[in-house]
Amino acid sequence: MLGPDPRRDLKRDTARLSHYLQECRAFASLRGFKHFNVFMRGREEFLLCTPANKEMLFDPRDDQFKKKYPTCTVLLFTGYARYKCPYVYCRSYPDQENIARSDDPLTLTTTDDWRRQDVALWKMVLEVLVLVMKKPCPRNPFQVDLHYIDSLSAEEGALVSAALLNFLETVWLQADPNQEQELIDQVYEDIKALQLRHVDHVYEHITSAEKKD
(Lines give C-alpha, C1' and ligand atoms only; values in the text may rest on other atoms or scores of the structure.)
Protein backbone atom coordinates (compact mmCIF):
# COMPACT_ATOMS: atom_id res chain seq x y z
CA MET A 1 0.00 0.00 0.00
CA LEU A 2 1.19 3.48 -0.80
CA GLY A 3 -0.31 5.06 2.32
CA PRO A 4 -2.16 8.37 2.61
CA ASP A 5 -1.55 11.03 0.02
CA PRO A 6 0.31 13.93 1.74
CA ARG A 7 -1.09 16.32 -0.86
CA ARG A 8 -4.61 15.54 0.38
CA ASP A 9 -3.64 16.50 3.95
CA LEU A 10 -2.01 19.68 2.67
CA LYS A 11 -5.14 20.66 0.75
CA ARG A 12 -7.29 19.92 3.81
CA ASP A 13 -5.09 22.05 6.09
CA THR A 14 -5.07 24.86 3.54
CA ALA A 15 -8.86 24.77 3.24
CA ARG A 16 -9.31 24.80 7.02
CA LEU A 17 -6.91 27.71 7.41
CA SER A 18 -8.72 29.59 4.64
CA HIS A 19 -12.02 29.14 6.51
CA TYR A 20 -10.38 30.32 9.74
CA LEU A 21 -9.10 33.46 8.00
CA GLN A 22 -12.60 34.14 6.67
CA GLU A 23 -13.83 33.99 10.27
CA CYS A 24 -11.05 36.40 11.27
CA ARG A 25 -12.00 38.94 8.61
CA ALA A 26 -15.68 38.80 9.58
CA PHE A 27 -14.95 39.06 13.30
CA ALA A 28 -12.39 41.87 12.94
CA SER A 29 -14.95 43.96 11.05
CA LEU A 30 -17.33 44.00 14.03
CA ARG A 31 -17.87 47.08 16.18
CA GLY A 32 -19.84 47.61 19.34
CA PHE A 33 -18.43 45.19 21.91
CA LYS A 34 -18.33 46.55 25.44
CA HIS A 35 -15.10 44.94 26.63
CA PHE A 36 -12.78 45.00 23.61
CA ASN A 37 -12.00 46.44 20.18
CA VAL A 38 -10.88 44.48 17.11
CA PHE A 39 -8.92 45.63 14.06
CA MET A 40 -7.87 43.76 10.93
CA ARG A 41 -4.13 43.93 10.26
CA GLY A 42 -3.34 42.41 6.89
CA ARG A 43 -4.71 39.22 5.35
CA GLU A 44 -3.42 36.88 8.07
CA GLU A 45 -3.69 38.91 11.28
CA PHE A 46 -6.05 40.88 13.46
CA LEU A 47 -5.60 42.73 16.74
CA LEU A 48 -7.83 42.51 19.80
CA CYS A 49 -7.49 45.20 22.46
CA THR A 50 -9.03 45.08 25.93
CA PRO A 51 -10.48 46.93 27.75
CA ALA A 52 -12.42 48.66 24.98
CA ASN A 53 -11.47 52.25 24.23
CA LYS A 54 -13.91 54.35 22.22
CA GLU A 55 -11.14 56.77 21.27
CA MET A 56 -8.81 54.04 20.01
CA LEU A 57 -7.62 54.47 16.45
CA PHE A 58 -6.03 51.69 14.44
CA ASP A 59 -2.28 51.78 13.95
CA PRO A 60 -0.55 48.66 12.59
CA ARG A 61 2.58 49.24 14.68
CA ASP A 62 2.40 47.55 18.07
CA ASP A 63 4.71 50.11 19.66
CA GLN A 64 2.18 52.82 18.94
CA PHE A 65 -0.46 50.91 20.86
CA LYS A 66 1.83 50.54 23.86
CA LYS A 67 2.61 54.26 23.94
CA LYS A 68 -0.88 55.60 23.29
CA TYR A 69 -2.85 53.02 25.30
CA PRO A 70 -0.55 51.79 28.10
CA THR A 71 -3.41 50.21 30.08
CA CYS A 72 -4.66 48.06 27.18
CA THR A 73 -3.80 44.42 26.61
CA VAL A 74 -3.15 43.92 22.89
CA LEU A 75 -3.40 40.44 21.37
CA LEU A 76 -2.44 39.40 17.87
CA PHE A 77 -4.48 36.58 16.28
CA THR A 78 -2.76 35.02 13.29
CA GLY A 79 -3.30 32.42 10.60
CA TYR A 80 0.02 32.37 8.78
CA ALA A 81 0.16 30.15 5.72
CA ARG A 82 3.65 28.93 6.61
CA TYR A 83 2.41 27.49 9.93
CA LYS A 84 -0.97 26.26 8.60
CA CYS A 85 -2.67 26.81 11.96
CA PRO A 86 -3.86 29.66 14.22
CA TYR A 87 -1.60 31.26 16.82
CA VAL A 88 -2.28 34.05 19.31
CA TYR A 89 0.47 36.37 20.55
CA CYS A 90 0.38 38.84 23.41
CA ARG A 91 1.81 42.14 22.17
CA SER A 92 1.11 44.32 25.20
CA TYR A 93 0.30 43.07 28.68
CA PRO A 94 0.08 45.67 31.45
CA ASP A 95 -0.33 44.18 34.92
CA GLN A 96 -0.97 40.70 33.56
CA GLU A 97 1.08 38.40 35.75
CA ASN A 98 -0.53 35.27 34.33
CA ILE A 99 0.94 35.80 30.84
CA ALA A 100 4.55 34.96 30.13
CA ARG A 101 6.46 37.81 28.51
CA SER A 102 7.65 36.03 25.42
CA ASP A 103 7.62 36.27 21.65
CA ASP A 104 6.22 32.75 21.56
CA PRO A 105 2.48 32.25 20.98
CA LEU A 106 0.20 31.74 23.95
CA THR A 107 -0.42 28.16 25.01
CA LEU A 108 -4.16 27.74 24.48
CA THR A 109 -6.42 24.71 24.56
CA THR A 110 -8.45 25.96 21.61
CA THR A 111 -5.54 26.59 19.24
CA ASP A 112 -4.05 23.23 20.21
CA ASP A 113 -7.40 21.49 19.59
CA TRP A 114 -7.70 23.21 16.19
CA ARG A 115 -4.84 21.05 14.90
CA ARG A 116 -7.00 17.93 15.35
CA GLN A 117 -10.54 19.21 14.89
CA ASP A 118 -12.51 22.27 13.84
CA VAL A 119 -12.69 24.96 16.52
CA ALA A 120 -14.66 28.16 15.99
CA LEU A 121 -12.76 31.44 16.22
CA TRP A 122 -15.11 32.77 18.91
CA LYS A 123 -14.01 29.94 21.22
CA MET A 124 -10.37 31.01 20.82
CA VAL A 125 -11.31 34.62 21.51
CA LEU A 126 -13.31 33.59 24.58
CA GLU A 127 -10.42 31.58 26.03
CA VAL A 128 -8.03 34.50 25.54
CA LEU A 129 -10.43 37.06 27.03
CA VAL A 130 -10.99 34.93 30.13
CA LEU A 131 -7.20 34.67 30.46
CA VAL A 132 -6.33 38.36 30.14
CA MET A 133 -9.33 40.24 31.52
CA LYS A 134 -9.15 41.60 35.03
CA LYS A 135 -10.85 39.34 37.52
CA PRO A 136 -13.67 38.80 38.02
CA CYS A 137 -14.14 38.27 34.29
CA PRO A 138 -17.49 39.47 32.87
CA ARG A 139 -20.09 36.73 32.63
CA ASN A 140 -20.35 37.57 28.93
CA PRO A 141 -17.06 38.81 27.46
CA PHE A 142 -18.95 39.35 24.17
CA GLN A 143 -21.37 41.81 25.78
CA VAL A 144 -22.60 44.50 23.39
CA ASP A 145 -22.29 48.20 24.17
CA LEU A 146 -25.93 49.14 23.62
CA HIS A 147 -25.25 52.82 24.30
CA TYR A 148 -22.83 52.80 21.38
CA ILE A 149 -25.42 51.14 19.13
CA ASP A 150 -27.99 53.77 20.16
CA SER A 151 -25.56 56.56 19.25
CA LEU A 152 -25.22 55.48 15.62
CA SER A 153 -27.14 56.88 12.69
CA ALA A 154 -30.06 54.82 11.41
CA GLU A 155 -28.20 53.36 8.43
CA GLU A 156 -24.98 52.66 10.31
CA GLY A 157 -26.86 51.28 13.30
CA ALA A 158 -28.77 48.86 11.08
CA LEU A 159 -25.55 47.55 9.52
CA VAL A 160 -23.57 47.30 12.76
CA SER A 161 -26.40 45.62 14.67
CA ALA A 162 -27.02 43.13 11.84
CA ALA A 163 -23.36 42.06 11.83
CA LEU A 164 -23.31 41.71 15.62
CA LEU A 165 -26.53 39.71 15.59
CA ASN A 166 -25.07 37.28 13.08
CA PHE A 167 -22.04 36.76 15.31
CA LEU A 168 -23.97 36.45 18.59
CA GLU A 169 -26.47 34.02 17.09
CA THR A 170 -23.54 31.84 15.99
CA VAL A 171 -22.16 31.86 19.54
CA TRP A 172 -25.59 31.09 20.98
CA LEU A 173 -26.08 28.13 18.63
CA GLN A 174 -22.58 26.68 18.96
CA ALA A 175 -21.95 27.12 22.70
CA ASP A 176 -22.02 23.97 24.82
CA PRO A 177 -24.95 24.01 27.31
CA ASN A 178 -23.04 21.64 29.59
CA GLN A 179 -20.11 24.02 29.98
CA GLU A 180 -21.26 27.45 28.80
CA GLN A 181 -24.88 27.78 29.90
CA GLU A 182 -24.29 31.11 31.65
CA LEU A 183 -22.68 32.52 28.50
CA ILE A 184 -25.60 31.22 26.42
CA ASP A 185 -28.10 32.97 28.71
CA GLN A 186 -26.20 36.26 28.65
CA VAL A 187 -25.72 36.18 24.88
CA TYR A 188 -29.43 35.50 24.43
CA GLU A 189 -30.29 38.62 26.45
CA ASP A 190 -28.01 40.69 24.22
CA ILE A 191 -29.57 39.16 21.11
CA LYS A 192 -33.05 40.19 22.24
CA ALA A 193 -31.96 43.75 23.06
CA LEU A 194 -30.02 44.05 19.81
CA GLN A 195 -32.91 42.74 17.71
CA LEU A 196 -35.14 45.53 19.01
CA ARG A 197 -32.54 48.15 18.19
CA HIS A 198 -31.93 46.65 14.77
CA VAL A 199 -35.63 46.87 13.92
CA ASP A 200 -35.75 50.47 15.16
CA HIS A 201 -32.71 51.45 13.08
CA VAL A 202 -34.08 49.78 9.95
CA TYR A 203 -37.50 51.42 10.40
CA GLU A 204 -35.91 54.83 10.99
CA HIS A 205 -33.70 54.43 7.93
CA ILE A 206 -36.64 53.42 5.70
CA THR A 207 -38.90 56.24 6.87
CA SER A 208 -36.07 58.75 6.49
CA ALA A 209 -35.45 57.59 2.92
CA GLU A 210 -39.16 57.85 2.10
CA LYS A 211 -39.28 61.43 3.38
CA LYS A 212 -36.38 62.37 1.12
CA ASP A 213 -38.21 60.91 -1.89
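**Exercise 1. Classify cysteine 72 and cysteine 137 by exposure.**

Cysteine 72 has 2% relative accessibility, so cysteine 72 counts as buried. The cut-offs: buried is under 20% relative accessible area, exposed is over 50%, partly exposed lies in between (1.4 Å probe, protein chains only). Cysteine 137 has 23% relative accessibility and therefore counts as partly exposed.

The model is predicted: local features need pLDDT of at least 70, side-chain atom pairs count only at pLDDT 80 or more, and totals for chains, interfaces and linings use all residues. Residues are numbered from 1 along each chain as its sequence is written, and side-chain values use heavy atoms, without hydrogens and water.

**Exercise 2. Count the disulfides.**

Apply the rule: a pair of cysteine sulfur atoms within 2.5 Å. The count is zero. Check cysteine 72: the nearest cysteine sulfur belongs to cysteine 49, 6.3 Å away.

**Exercise 3. Describe how α6 packs on α7.**

Elements are DSSP runs numbered from the N terminus: helices (H or I, at least four residues) and strands (E, at least two). Take the axes of α6 (residues 154-174) and α7 (residues 177-212): they come within 8 Å and cross at roughly 155 degrees. Axes are lines fitted to C-alpha atoms, for helices over the stretch in contact, with angles from 0 to 180 degrees between N-to-C directions. The pair is therefore roughly antiparallel (under 35 degrees is roughly parallel, over 145 roughly antiparallel, 65 to 115 roughly perpendicular, the rest oblique).

**Exercise 4. Find the residues with the most contacts inside the largest nonpolar core.**

Join buried Ala, Val, Leu, Ile, Met, Phe, Trp, Tyr and Cys residues through side-chain atoms within 4.5 Å. The largest core has 48 residues, and Phe27, Leu48, Phe77 and Phe142 have the most contacts inside it. Helix α4 gives the largest share, eight residues.
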